[in-house]
Amino acid sequence: MRKERIRVLVVDDEPLARTRIRKLLDPEEYSVDEAEDGVLAIEKIRTFCPQIVFLDIQMPEFSGFDIIESLSTINFSIIFQSAYDAYAIRAFEVSACDYLLKPFTDERFYKALQRGRELIGLVSGNVSRLVNHLYENGRHLRTVTYKAGPTVQVVDVNQVVYFFSADHTTSLVLDQTSYAIDQSLSFLETLLDPKFFLRIHRKTIVNVKKIRSFSREAPYSVTLLDGTKLKVSRERAKAVAALFKVV
C-alpha cells in the first residue's frame, strides 16, 4: 500500500521561487500544489487542505500575513519566506514554525521542512522554537518595521534611538519622532543584540551607541546624544554603569 503523501502548498508570486521548492520536494513523499497570489492561496488552503504551507510574505494585494489573518483556523505548519528579516518577529507571533530568509540554501530549506513535518497539526507553541533558531544561527534582529501613515517602513535597527512602552503600546524612536510597533519590549529584548541594546527600565530599551552620559546618583538617568533624558531603574543602574566602566 502506498504511503499517504504529505500535502504541501507553495505560495509565492514568483514562478521561479515556486518551481524551485517543488523540485526540492520528493514527489514520492509530498503532494504539492501552488498559489501565485493571496486569493488563490486562501482557496487552496480550504480545498487542498495542506499540512505544510511555504508562504511568501510580500505579495501584491494580499501579504502572507493577510492570508493567515483571514483564516479562522490554522491547522497546518507555516514556513514563511522573505528576502527581509524585518518580519521575523511578526512571524513568531502567528506561530510560524520557521522563517526562511531568501536566498536560502537547499540545506536550510530541508531543515525548515523537517520542522514543518514535526509540527504538522500544531497551531501554537512554536515561538520558542523560532527564537532558538535565531540564536542557533548567531543572528539577532537587524531590521524592524513600523507604520508611518498608510505605509509600512523598514529601518535598520541600529538607527533606532530607543524603544519604549506607554499606555499599552510599544514604540520606537527615530530622530525624536516615535512610531508605534506591534511587538512588546520583552519580546524585542530576546531578539535584539545585547551588545548594542540595553534595557534600562521596564519601559525602555536603549541603543547604547546613542547614550552620551549616565547620572550615577539617584534618581538614575541617561542622557542621549540628542539631549533626551531617560530614567534608569535602580535594578538596571549597575548594567548601565558598566558601559562607562563606573565602579
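Is D12 buried or exposed? D12 is buried, at a relative accessible area of 0%. The views below come from a predicted model.

**View 1. The whole protein.**
The protein has eight helices and 15 strands. It counts 247 residues, of which 47% are buried. Its accessible surface comes to about 13300 Å². Carbon and sulfur atoms hold 50% of that surface. Among contacts with a separation of 6 or more, 53% join residues 24 or more positions apart. The salt bridges number 13.

**View 2. The salt bridge between D12 and K102.**
The side chains of D12 and K102 meet in a salt bridge, 2.9 Å from N to O. The two residues come from distant parts of the chain, 90 residues apart. D12 sits in the loop between strand 1 (6-11) and helix 1 (15-24). K102 sits in the loop between strand 5 (98-101) and helix 5. D12 counts as buried because its relative accessible area, 0%, is under the 20% limit. K102 is partly exposed, with a relative accessible area of 24%. D56 joins these two residues in a network of salt bridges.

**View 3. The salt bridge between D33 and K44.**
D33 forms a salt bridge with K44. Their closest N and O atoms are 3.0 Å apart. D33 lies in strand 2 (residues 30-35) and K44 in helix 2 (residues 38-48), so the pair ties together parts that are 11 residues apart in sequence. D33 is partly exposed, with a relative accessible area of 21%. K44 counts as buried, at 17% relative accessibility. The cut-off of 20% falls between these two values, so the partners get different labels.

**View 4. The buried face of helix 2.**
Which residues of helix 2 are buried? They are G38, A41, I42, K44, I45 and F48. Seen down the axis of helix 2, these residues fall within an arc of 165°, so they line one face of the helix. They pack against strand 1, strand 2 and helix 3 (64-70). On the other side of helix 2, R46 and T47 are exposed.

**View 5. The two ends of helix 2.**
D37 caps the N-terminal end of helix 2. A side-chain oxygen of D37 lies 3.2 Å from the backbone nitrogen of V39. After helix 2 comes C49. The phi of C49 is positive, near 50°.

**View 6. S31 and its contacts.**
S31 lies in strand 2. At 19% relative accessibility, S31 counts as buried, because the limit is 20%. What does S31 touch, leaving aside its neighbours within four places in sequence? S31 is in contact with R5, I6, R7, V8 and F48. F48 is also one of the buried residues of helix 2.

**View 7. Helix 5, its span and its buried side.**
Helix 5 runs over residues 106-118, 13 residues in total. At 1.5 Å a residue, helix 5 should span 18 Å. Its end C-alpha atoms are 18 Å apart, so the expected span and the model agree. Buried in helix 5 are R108, F109, A112, L113, R115 and G116. These residues cover an arc of only 160° around the axis, which puts them on the same side of helix 5.

**View 8. D98 with R108 and R115.**
D98 is placed in strand 5. The side chains of R108 and D98 meet in a salt bridge, 2.7 Å from N to O. R108 lies in helix 5 and D98 in strand 5, so the pair ties together parts that are 10 residues apart in sequence. R108 counts as buried, at 16% relative accessibility. D98 is buried too, with a relative accessible area of 0%. A polar contact of 3.1 Å joins the side chains of D98 and R115. R108 and R115 are both among the buried residues of helix 5.

**View 9. K147 and I181.**
K147 is found in strand 6 (residues 143-148). Is K147 buried or exposed? K147 counts as exposed, because its relative accessibility of 57% is over the 50% limit. K147 and I181 are 34 residues apart in sequence. In space they are 7.1 Å apart, C-alpha to C-alpha.

How values were computed
Residues numbered from 1 in each chain as written. Predicted model: local features only at pLDDT ≥ 70, side-chain atom pairs only at ≥ 80, totals over all residues. Heavy atoms only, no water. Helix = DSSP H or I, 4+ residues; strand = E, 2+ residues; numbered from the N terminus. Expected span 1.5 Å × (residues − 1). Buried < 20%, exposed > 50% of the residue type's maximum accessible area, 1.4 Å probe, protein only. Arc of directions from axis to C-beta. Salt bridge = Lys/Arg side-chain N within 4 Å of Asp/Glu carboxyl O. Contact = heavy atoms within 4.5 Å. Areas by Shrake-Rupley, 256 points an atom, 1.4 Å probe, with all protein chains shown as cover. Polar contact = N/O pair within 3.5 Å; in protein donor to acceptor, adjacent residues only side chain to side chain.
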